[in-house]
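User: I would like to learn how to read salt bridges and burial from a model. Please take me through one case.

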Amino acid sequence: MLLKNPADLLRLAVVALVVYPALVVILRLSGKRTLSKLNAFDLVVTVALGSTLATILLSRDVSLVEGILALTLLVALQYVVALLGVRWPPSQRLIKARPTMLLRDGRMRHATMRRLRVAESEIRQAARSQGVGDTRSLAAVVLETDGSLSILTRSRLGDGSSLADVVDHGR
């Protein structure tokens, strides 16, 4: 059946016209950090917001007020967790993973790569995307907390201070 009840379209339009601006306001008030992609927790919150928005729009079982409250609670919880991570650094071990060294001084850390399920081809692809043709010329490749690979050439590494928070299982 194409359409059970034409009134459902009107309900959907009205709910979308109310909920979407409410979500935009909630996100603007919570700051840029709310939808960042810094770690897995941020991804979970972003997916949960999308899922909640879809449920609000499509389910008659969720009232408008309940839906907006659910969105507000998700954003508030994310805000509290991020604030906790900044104000009480030990909590970061629970909230997010640490960046991990996959390659150091041109040598791949195969045991670490296996444990983290990263293939050599992924490191080579990331190096090529940064214009590096030979991984042996790299100072470091780091698997970041958001799952991306950071490529550091010897010329860009400088004093190495950017690696201070990186887990290095080598050497």
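Analyst: Glu120 is partly exposed, with 33% relative accessible area. Keep in mind that this is a predicted model.

User: Which residue does the side chain of Glu120 meet in a salt bridge?

Analyst: A salt bridge needs a side-chain nitrogen of Lys or Arg within 4 Å of a carboxyl oxygen of Asp or Glu. Here the partner of Glu120 is Arg124, at 3.3 Å from N to O. Arg124 is also partly exposed, at 36% relative accessible area.

User: Where do Glu120 and Arg124 lie?

Analyst: Both belong to helix H6, which covers residues 120-129. They are four residues apart, or about one turn of the helix.

User: How many salt bridges does the structure hold?

Analyst: The structure has four. One of them joins Asp8 and Arg60, whose closest N and O atoms are 2.6 Å apart. This pair links distant parts of the chain, with the two positions 52 residues apart in sequence numbering. Asp8 sits in helix H1 (residues 6-30), while Arg60 is in the loop between helix H2 (40-58) and helix H3 (64-87).

User: Is Arg60 buried or exposed?

Analyst: The cut-offs are under 20% for buried and over 50% for exposed. Arg60 has a relative accessible area of 56%, so it is exposed. Asp8 is partly exposed, at 26%.

User: What about the salt bridge between Arg104 and Asp105?

Analyst: Their side chains meet at 3.9 Å, N to O. Arg104 counts as buried because its relative accessible area is 19%. Asp105, at 36%, is partly exposed.

User: What share of the residues in the protein chain is buried?

Analyst: Buried residues account for 32% of the 171 residues. The chain exposes about 11200 Å², with 62% of that supplied by carbon and sulfur atoms.

User: Which pattern does the protein chain follow along the sequence?

Analyst: The order is α-α-α-α-β-β-α-α-β-β-α. The radius of gyration is 22 Å, well over the 16 Å that the globule rule gives for 171 residues, so the chain is more spread out than a compact globule. The C-alpha trace spans about 65 × 45 × 25 Å along its principal axes.

User: How should I read the contacts between residues at least 6 apart in sequence?

Analyst: Ask what share of them joins residues far along the sequence. In this protein chain, 58% of those contacts join residues at least 24 apart.

User: And how far apart are the mean positions of the positive and negative charges?

Analyst: For the 23 positive and 13 negative charges of the protein chain, the mean positions are 2 Å apart.

Definitions and conventions: Residues are numbered from 1 along each chain as its sequence is written. This is a predicted model: local features need pLDDT of at least 70, side-chain atom pairs count only at pLDDT 80 or more; totals for chains, interfaces and linings use all residues. Side-chain values use heavy atoms; hydrogens and water are left out. The radius of gyration is taken over C-alpha atoms; the globule rule is 2.2 Å times the number of residues to the power 0.38. Buried means under 20% relative accessible area, exposed over 50%, partly exposed in between (1.4 Å probe, protein chains only). Contact means heavy atoms within 4.5 Å. Accessible areas come from the Shrake-Rupley method with a 1.4 Å probe; for residues, only the protein chains shown count as cover. Lys and Arg count as positive and Asp and Glu as negative; His and the chain ends are not counted. The place of a charge is taken as NZ of Lys, CZ of Arg, CG of Asp or CD of Glu.
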